[in-house]
Amino acid sequence: MTIVETVLVFALIPLAIYGVITLLTLRPKATRIARYRPGQEWGYAPVWWSANPGGLPADHHTETAPVSGPTARGGARGNW
Amino acid sequence: MATGEIARVDPADLPLGSAVTTSGRVSAAQMYQAHPPALPFTPVQLAALDEAITLASRTTGLDFSVYLGALGSDTRARAVELHAATARPSHAVLLAVSPGERAVEVVTGEESHRRLADRGAKLAVMSMVASFKEGDLVGGLVSGLRMLTDQAGHAPRT
């Protein structure tokens, strides 16, 4: 085995394998979940979640009462 | 062609990826298309949020809901508008979060304000803001919902 062959087998082939694995990790995934970072734009459609009706007791009232005027009585607000 | 009559398909006419099975039905393959997620949350996070909202509503008897999206320039007015649009505004507790405007609003109605004082709501908002600053939207919402649940207490027995 000459020096050139030794370098090819023991250095170049492992490096090539490392390179392929590195490229595999860098490929963009279509279904990747982008993490939210404070200050960035929020380009998603608005969502409004309420309680799962299946998890509420049977006597949980949900009837719609006719309301007029402002319904808010209190609350709190904050910024970050 | 009359009802119940069987149509004969020539396998040569079918598009690529389709085949006639032994029963006579046509089986067609379709290319998989990946859908990007509609929200930057994992299914585990969404499940935790769903559980927190349901548990809060079940424990307190109030209607908790979480709005996540743009609230416009006047965040309070928009949140109040959304609160009035709920099914039972007097019992509704709305958590409106706008990551774009970096604002969070808690709106309570007549009955929910009686059960949930503004001081308690402010504490929950401060806890949520601490998590939102770190970029943890779901974690903040879950801990805020738990704090509001503890403040409101159990539903009165009737």
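Author: A residue is buried if 20 or more other C-beta atoms lie within 10 Å of its own. The model discussed here is predicted.

Reader: How many of the six residues of β3(B) are buried?

Author: Take the two faces of the strand in turn. Asp63(B), Ser65(B) and Tyr67(B) point one way, and all are buried. Phe64(B), Val66(B) and Leu68(B) point the other way and are buried too. β3(B) is mostly covered, and its buried count is six of six.

Reader: What is the strand order of the open sheet of five strands?

Author: Start from β3(B). β3(B) pairs with β1(A), residues 47-50, in the antiparallel sense over four bridges. β3(B) also pairs with β4(B), residues 92-98, in the parallel sense over six bridges. Pairing in the sheet is mixed, and the order is β1(A)-β3(B)-β4(B)-β5(B)-β2(A).

Reader: Which strands stand at the edges of that sheet?

Author: Neighbouring strands are turned by 10° against each other on average, direction ignored. An edge strand here has a single partner strand, so one side of it is left without a neighbour in the sheet. The edge strands are β1 and β2 of chain A.

Reader: Which residue of β4(B) stands opposite Tyr67(B)?

Author: Tyr67(B) lies in β3(B), where Trp48(A) stands opposite it. β3(B) also pairs with β4(B). There, the bridge partner of Phe64(B) is Val93(B). Opposite Tyr67(B) in β4(B) stands Ala96(B).

Reader: Which residue of β5(B) stands opposite Ala76(A)?

Author: Strand β2(A) covers residues 74-79. Six bridges join β2(A) to β5(B), and the two run antiparallel. Opposite Ala76(A) in β5(B) is Val106(B).

Reader: In what order do the elements of chain A run from the N terminus?

Author: Chain A has one helix and two strands. Of its 80 residues, 8% are buried. From the N terminus on, the order is α-β-β.

Reader: How many residues does each chain bring to the contact between chains A and B?

Author: Several elements of chain B take part. Each of α1(B), β3(B), α2(B), β5(B), α3(B) and α4(B) supplies at least two residues of the side that touches chain A. The side of chain B divides into 29 nonpolar, 14 polar and 11 charged residues. The totals are 54 residues from chain B and 39 residues from chain A.

Reader: Which element gives the largest share of the side of chain B that touches chain A?

Author: The candidate helix lies across β2 of chain A together with β5 of chain B. That helix runs at about 25° to β2(A). Its share is nine residues, the largest, and the element is α4(B).

Reader: Are α4(B) and α5(B) roughly parallel or roughly antiparallel?

Author: Their axes are 8 Å apart, and the helices pack at an angle of about 165°. Angles over 145 degrees count as roughly antiparallel. The crossing is right-handed. The angle therefore makes α4(B), relative to α5(B), roughly antiparallel.

Reader: How do the residues of the contact of α4(B) with α5(B) divide by class?

Author: From α4(B) come residues including Gly120(B), Leu123(B), Met128(B) and Phe132(B). From α5(B) come residues including Gly140(B), Ser143(B), Met147(B) and Gln151(B). The division is nine nonpolar, eight polar and no charged.

Reader: Are α1(B) and α5(B) roughly parallel or roughly antiparallel?

Author: The two helices pack at an angle of about 10°, with axes 9 Å apart. Angles under 35 degrees count as roughly parallel. So α1(B) and α5(B) are roughly parallel.

Reader: What is the make-up by class of the contact of α1(B) with α5(B)?

Author: In α1(B), the residues include Ala48(B), Leu49(B), Ile53(B) and Thr60(B). In α5(B), Val138(B), Val142(B), Leu145(B) and Arg146(B) are among them. By class, the contact has 11 nonpolar, four polar and one charged residues.

Reader: At what angle does α5(B) run to β4(B)?

Author: α5(B) spans residues 137-152. This helix lies across β3 and β4 of chain B. Its angle to β4(B) is about 155°.

Reader: Is Val9(B) buried or partly exposed?

Author: Val9(B) is found in the segment before β1 of chain B. Beyond its neighbours within four places in sequence, Val9(B) is in contact with Leu14(B), Val20(B) and Val26(B). A buried residue needs 20 or more other C-beta atoms within 10 Å. Val9(B) has 13, so its status is partly exposed.

Terms used. Residues are numbered from 1 along each chain as its sequence is written. Chains are lettered from A and ligands numbered from 1 in the order in which they are written. This is a predicted model: local features need pLDDT of at least 70, side-chain atom pairs count only at pLDDT 80 or more; totals for chains, interfaces and linings use all residues. Two residues are in contact if their C-beta atoms, placed from the backbone, lie within 7 Å. Ala, Val, Leu, Ile, Met, Phe, Trp, Tyr, Cys and Pro count as nonpolar, Asp, Glu, Lys and Arg as charged, and the others, Gly among them, as polar. Two strands pair if DSSP finds at least two bridges between them. Axes are lines fitted to C-alpha atoms, for helices over the stretch in contact, and angles run from 0 to 180 degrees between N-to-C directions. Angles under 35 degrees count as roughly parallel, over 145 as roughly antiparallel, 65 to 115 as roughly perpendicular and the rest as oblique. A crossing is left-handed if the near helix is turned anticlockwise from the far one by less than a right angle, and right-handed if clockwise. A residue is buried if 20 or more other C-beta atoms lie within 10 Å of its own, exposed if 12 or fewer, and partly exposed in between; C-beta atoms are placed from the backbone.
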